[in-house]
Amino acid sequence: MITIRRFVLTLLMTGSVLPVGNVWAENMHILHGQALYHERMALPPGAMLNVWIEDTAAAHGAPLVVAEQREEIQRAVPISYSLTYPPLPAGGHYTLNAEITVEGRRLFATSNEGVPLDHPALVLHRVAGSAVRVPYGTWGIQSLGDRHFENSADAPGLTLQQDGTVYGSDGCNRLMGHFRIEGQNLHFLPFAMTRRACLPPLMLQEQLISRYLPTVTSWSREGENRLELRAGASGETMLLVPRDTL
């Protein structure tokens, strides 16, 4: 999406001549670049990249946006973008800006001063107070309902990846599959599992976990060290903690 209406209004107010028809299209420019951030963090679904050019020397004092592009992020960083913009009148002070948002909340952004147009490789920084809770990562299963699991090397756990794949162990057998996430809703698709025989306590643990996971309908995060999965029908909760804290 390109925002040029305010730019056109400025030209009209200053008496500049506007190209029309194909002449206008032929005079448009395209800026190709990439945006990235250095934090090791996966973006949640629905994250948006917004890139824009603004004139900070606009006569009315407030920065004037002359072109803007907004699109959903479909890939990992660095994120490529192409920004189309009209001819820029002489005398302006033009800067390039970008931000990554989720549901309207800013997560990463360029500095308030922006960057020159000849530096299209944009480094975005974390916006203060913008922590986003996502379920991705490697988690150890600490409890299921009122049953607690032992803190051991072969304790049950799950790894949820941003591409929708999940793998882990129920403490007896390995499991792998896919999940779907939309907002706070989460559903596991049927798992593929190994079929190793274990001692009776581990076999019981396997049955509890394998029967529970298909019933999960939602997730929530409490701080950085707690992930909760909740079953829709029973309301039973599975508590998971980061694997490195086990």
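These are my notebook entries on a predicted model of one protein chain.

**Entry 1: overall make-up**

I began with the secondary structure and found that the protein chain has three helices and 18 strands. Of its 246 residues, 40% count as buried, and the chain exposes about 13,700 Å², of which carbon and sulfur atoms supply 54%. I then looked up the contacts with a separation of 6 or more, and 55% of these in the protein chain come from residues 24 or more positions apart.

**Entry 2: confidence**

Before reading any detail I checked the confidence, which averages a pLDDT of 82 over the protein chain, with 82% of the residues scoring at least 70. Residues 1-24 are a stretch where pLDDT stays under 50, and for these residues the model has 31 contacts beyond four places in sequence. I left residues 1-24 out of my further reading, given that pLDDT.

**Entry 3: the five-stranded sheet**

Which strands form the open sheet, and in what order? I traced five strands in the order S3-S2-S5-S6-S8, with antiparallel pairing. The edges are strand S3 (64-72) and strand S8 (125-126), each of which pairs on one side only. Within this sheet I followed strand S2 (residues 48-55) against strand S5 (residues 94-102), and eight bridges join these two antiparallel strands. To fix the register for myself I noted that Met 48 stands opposite Thr 101 in S5.

**Entry 4: the nonpolar cores**

I next turned to the largest nonpolar core, which has 26 residues, and in which Leu 49 and Ile 100 touch the most other members. The strands that each supply at least two residues of this core are S1, S2, S3, strand S4 (79-85), S5 and strand S6 (105-109), while S5 gives the most, with five residues. I listed the contacts of Ile 100 outside its neighbours within four places in sequence, and they include Leu 43, Leu 49, Ile 73, Ile 79, Leu 107, Phe 108 and Leu 124. The list for Ile 100 also has the charged residues Arg 105 and Arg 106 among its entries. Apart from this core lies another, of 23 residues, including Leu 160, Leu 186, Phe 188 and Ile 209.

**Entry 5: salt bridges**

How many salt bridges does the model have? The count comes to three. Side chains of opposite charge can pair when their charged atoms come close.

- Arg 126 and Glu 39 meet through their side chains at 2.7 Å, N to O. This pair links distant parts of the chain, with Arg 126 in strand S8 and Glu 39 in the loop between strand S1 (29-36) and S2, 87 residues apart. Arg 126 is partly exposed, with a relative accessible area of 31%, and Glu 39 also counts as partly exposed, at 37% relative accessibility.
- Arg 106 and Glu 99 form a salt bridge at 2.7 Å, N to O. Arg 106 counts as partly exposed because its relative accessibility is 35%, whereas Glu 99, at 13%, counts as buried.
- Glu 228 and Arg 226 form a salt bridge, again at 2.7 Å, N to O. Glu 228 counts as buried at 14% relative accessibility, whereas Arg 226, at 34%, counts as partly exposed.

**Entry 6: strand S18 and its partners**

Is strand S18 enclosed or open? Five of the six residues of strand S18 (residues 237-242) are buried, so the strand is largely enclosed by the rest of the structure. I then looked up the strands that pair with S18. Strand S9 (residues 137-144) pairs with S18 in the antiparallel sense over five bridges, and strand S17 (residues 227-231) is joined to S18, also antiparallel, by four bridges. Leu 240 of S18 is the bridge partner of Ile 141, and Leu 227 stands opposite Leu 240 as well. S17 and S18 form a hairpin with five residues between them, and in the turn Gly 235 has a positive phi of about 75 degrees.

**Entry 7: Ser 218**

Last, I looked at Ser 218, which lies in strand S16 (residues 216-221). The C-alpha atoms of Ser 218 and His 187 are separated by 7.3 Å, although the two residues are 31 apart along the chain. Leaving aside neighbours within four places in sequence, Ser 218 is in contact with Gln 184, Asn 185 and Leu 186, and also with Glu 228, Leu 229 and Arg 230. I noted that one of these, Glu 228, is the buried residue from the salt bridge with Arg 226.

Notes: Residues are numbered from 1 along each chain as its sequence is written. This is a predicted model: local features need pLDDT of at least 70, side-chain atom pairs count only at pLDDT 80 or more; totals for chains, interfaces and linings use all residues. Side-chain values use heavy atoms; hydrogens and water are left out. Buried means under 20% relative accessible area, exposed over 50%, partly exposed in between (1.4 Å probe, protein chains only). Contact means heavy atoms within 4.5 Å. Accessible areas come from the Shrake-Rupley method with a 1.4 Å probe; for residues, only the protein chains shown count as cover. Two strands pair if DSSP finds at least two bridges between them. A salt bridge is a side-chain nitrogen of Lys or Arg within 4 Å of a carboxyl oxygen of Asp or Glu. pLDDT is the predictor's confidence in each residue, from 0 to 100. A nonpolar core is a set of buried Ala, Val, Leu, Ile, Met, Phe, Trp, Tyr and Cys residues joined through side-chain atoms within 4.5 Å.
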